[in-house]
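Here are some notes to read alongside the model, set out as numbered points. Please keep the sequence and the structure in view while working through them.

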Amino acid sequence: MQKDRSTYTGLPRNEIDWFPRIDQEKCKPDECNFHCVTFCFFGVFSHKGNEVAEVSKPYECNVGDESCKFQCPLDAISFPAREELKEMLRKVRAKYQNKEA
Ligand code: SF4
């Protein structure tokens, strides 16, 4: 059975900006044959024409998972810092806790 990916620990996934960014200057699919596209199990990446990869389904990314970053041979993939992730989660949690109160 497929897991519901629309929430993360009860919070709306699409309000948590954790997903990869691609440095378009560094991305050279000729050298990797779009490795990130085939590596990501959740289809976060796709081909943009045939020139560079793009992040087409950012909110399908697993929160806190940056394994694809280490797969890119050209160091073109980056993620927010851990501290930024903590701050994002704190803000979204606070927003929904206040709604419940
Ligand atoms: S693995 Fe890196 S260089 Fe290759 S397509 Fe993805 S982002 Fe671009």
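What percentage of the 101 residues in the chain is buried?

1. In this predicted model, buried residues make up 34% of the 101 residues in the chain, where buried means that a residue has under 20% relative accessible area. The chain exposes about 6,800 Å², and carbon and sulfur atoms supply 50% of that area.

2. The secondary structure of the chain consists of 2 helices and 6 strands, and reading from the N terminus, you will meet these elements in the order β-β-β-α-β-β-β-α. Measured out along its principal axes in the computed model, the C-alpha trace spans about 55 × 35 × 20 Å.

3. It is also worth looking at how the chain contacts itself: of the contacts with a separation of 6 or more, 62% are accounted for by residues that are 24 or more positions apart.

4. The ligand sits in the largest cavity, and the residues that surround the ligand are C27, K28, C32, F34, C36, A53, C72, P73, L74, A76 and I77. Sorted by class, this shell has 10 nonpolar residues and 1 charged residue, with no polar residues; Lys is a class member counted as charged, and K28 is among the residues around the ligand.

5. N62 is found in the loop between strand 5 (52-55) and strand 6 (77-78). Is N62 buried, partly exposed or exposed? N62 counts as partly exposed because its relative accessibility is 24%, and partly exposed residues fall between the limits of 20% and 50%.

6. Once the neighbours within four places in sequence are left aside, N62 is in contact with R5, W18 and F42. For one of these residues, F42, there is also a distance to consider: F42 and N62 are 20 residues apart along the chain, and their C-alpha atoms are separated by 8.5 Å.

7. Two residues deserve a look at their backbone angles. T9, which is not a glycine, has a positive phi of about 45°, and T9 lies in the loop between strand 1 (7-8) and strand 2 (11-12). With a relative accessibility of 58%, T9 counts as exposed, since that class begins over 50%.

8. D75 is the other residue to check, as its phi is near 55°, a positive value in a residue other than glycine. D75 lies in the loop between strand 5 and strand 6. As background for both points, most residues other than glycine have a negative phi.

How values were computed
Residues are numbered from 1 along each chain as its sequence is written. This is a predicted model: local features need pLDDT of at least 70, side-chain atom pairs count only at pLDDT 80 or more; totals for chains, interfaces and linings use all residues. Side-chain values use heavy atoms; hydrogens and water are left out. A residue is near a molecule or strand if one of its heavy atoms lies within 4 Å of it. On a 1 Å grid over the protein atoms alone, a cavity is a set of points where a 1.4 Å probe fits but cannot get out, and a pocket is an open set with protein on both sides within 12 Å along at least five of seven lines; lining residues have an atom within 4 Å of a point. A molecule sits in a cavity or pocket if more than half of its atoms lie within 2 Å of its grid points. Helices (H or I, at least four residues) and strands (E, at least two) are DSSP runs, numbered from the N terminus. Buried means under 20% relative accessible area, exposed over 50%, partly exposed in between (1.4 Å probe, protein chains only). Contact means heavy atoms within 4.5 Å. Accessible areas come from the Shrake-Rupley method with a 1.4 Å probe; for residues, only the protein chains shown count as cover.
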